[in-house]
Amino acid sequence: MLKIAVFQNDLGVGGIQKSLVNLLSNLDYSRVQVDLYLSVRGEFWPVSFPKELNIRYLSPTPRFYSFVPFDLARRCLRYDFPAESYDLAIDFNSYQCSCAVGATTVPAKRRVMWIHNNVEIKLRDEWKYRVLWHFFKGKFKYYDDFVPVSRALGEPFRRASGVTGKPFTVIQNYIDVTEIRRKEQEEPVGLSLDKSCLNFVALGRLCHQKGYDIMLDTFARACESRDDLRLYIIGDGPDRAALEAQAAERGISSKVTFLGNQPNPYCYMTHMDAFLSTSRYEGQPLNIMEAMAVGLPLYCSKNLEQYTEGLVGREDLVRALTEATREDKRPDDLLAYNRTILQRIEELAEN
């Protein structure tokens, strides 16, 4: 049986956390034994993990270790691990110092780091990330393999990090379609749709990366040509107040509803007519794959094609919204997609 150690900071609300929950809930535990190491105790996503999954906690790591050179942090921090070696150690988080120290010091035959985002764009746009990168970039030499979650992420990481001579294996995010199907059947709370309108839904954290300011501007321009468009935004984040103010300024507050964080977004999505996304950049957008599973027609900006295999983005999103009509939904079970992901995880551990 293959033994795998997975290191993640926490299991709170977020795309990285959700993708890990999906993966750990669907591994074949007759073939793999998994220990999940968490740095932070806190609320889990509302999910019952398989009983075979072992959850362990790293001892608390002082925050200042994120702001010292990684080699120094790695020498100073010590965690308790089983004596027996793992076949594979995974730094799934790829950002936090504790996860990197854990993944590079636990007894293991091979060590890999997941890549969740276009680091060139993050380094350009986010000064806080530039600070963290300055201190943790020394960790890359300790990994044997790197796993970008889409094909668009590998080369930007190579250029930014200078890593050469090491393999990159693309493994996309697992989508738990069984969970989606079950949750679609629940009744949404406080949702009132005008079925005479064309109802779009967006899903994700309200932050700069996700481009909701672009979305609201695009939607407002489309609403100048027709009055029957409606937008429902599921999620919360630091930009919410600014986005609500933007909707008011553009005169579309009556047509845009902010639903906030929802533990079950799928029961809302299944009642909508189409899905809308205008992210500035992504790793691999879970929300688009989940919309595919629900069967919603996709209205996504052209730049998102590189992060989602098979996606056809819209060259002119304003025109696409203006000309949109209600279409039949075509739910996708993503069977081949998910099967490939599980196979590649096992292959990593076997090499």
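User: Which residues lie nearest the centre of the second largest pocket, and how many residues line this pocket?

Analyst: The second largest pocket is lined by 15 residues, and those nearest its centre are Asn 9, Ser 39, Val 40, Thr 61 and Ser 98. The model is predicted: local features need pLDDT of at least 70, side-chain atom pairs count only at pLDDT 80 or more, and totals for chains, interfaces and linings use all residues. Residues are numbered from 1 along each chain as its sequence is written, and side-chain values use heavy atoms, with hydrogens and water left out.

User: What makes a space a pocket or a cavity?

Analyst: On a 1 Å grid over the protein atoms alone, a cavity is a set of points where a 1.4 Å probe fits but cannot get out; a pocket is an open set with protein on both sides within 12 Å along at least five of seven lines, and lining residues have an atom within 4 Å of a point. Grid points are joined across faces, edges and corners, and a volume is the space filled by probe spheres set on the points. By that reckoning the second largest pocket has a volume of about 210 Å³.

User: What classes of residue make up the lining of the second largest pocket?

Analyst: This lining has six nonpolar, seven polar and two charged residues. Nonpolar covers Ala, Val, Leu, Ile, Met, Phe, Trp, Tyr, Cys and Pro; charged covers Asp, Glu, Lys and Arg; the others, Gly among them, count as polar.

User: How many cavities of 30 Å³ or more does a search of the whole structure find, and what is the volume of the largest cavity?

Analyst: The search finds five cavities of 30 Å³ or more. The largest cavity has a volume of about 80 Å³. It is lined by 13 residues, the closest to its centre being Ser 94, Met 113, Ile 115, Val 119 and Tyr 129. Its lining has ten nonpolar, three polar and no charged residues. Strand β5 (111-115) and helix α5 (127-136) each supply at least two of the lining residues. These elements are DSSP runs numbered from the N terminus: helices are H or I with at least four residues, strands are E with at least two.

User: Why is β5 described as largely enclosed by the rest of the structure?

Analyst: Buried means under 20% relative accessible area, exposed means over 50%, and partly exposed lies in between (1.4 Å probe, protein chains only). Five of the five residues of β5 are buried, so the strand is largely enclosed by the rest of the structure. Arg 111, Met 113 and Ile 115 point one way from β5, while Val 112 and Trp 114 point the other way. In a regular strand the side chains alternate between the two faces of the sheet.

User: How do you know that β4 and β5 pair?

Analyst: Two strands pair if DSSP finds at least two bridges between them. Three bridges join β4 (residues 88-91) to β5, and the two run parallel, so the condition is met. One bridge links Ile 90 to its partner in β5, Val 112. Both strands belong to an open sheet of six strands with parallel pairing, in the order β3-β2-β1-β4-β5-β6.

User: What makes β3 and β6 the edge strands?

Analyst: β3 (54-57) and β6 (145-148) each pair on one side only.

User: Which strands form the open sheet of five strands, and in what order?

Analyst: The order is β9-β8-β7-β10-β11, with parallel pairing. The edge strands are β9 (256-260) and β11 (298-300). Strand β8 (residues 229-234) and β9 pair over four bridges, and Leu 231 has Val 256 as its bridge partner in β9.

User: What makes the phi of Ser 94 worth noting?

Analyst: Most residues other than glycine have a negative phi. The phi of Ser 94 is near 70°, a positive value. Ser 94 lies in the loop between β4 and α3; with a relative accessible area of 7%, Ser 94 is buried.

User: Why is Ala 293 counted as buried?

Analyst: The relative accessibility of Ala 293 is 0%, so this residue counts as buried. Ala 293 is found in helix α11 (residues 286-294). Not counting residues up to four places away in sequence, Ala 293 touches Val 177, Ile 180, Arg 181, Pro 331, Asp 332 and Leu 334, where contact means heavy atoms within 4.5 Å. The C-alpha atoms of Ala 293 and Val 177 are separated by 6.5 Å, although the two residues are 116 residues apart along the chain.
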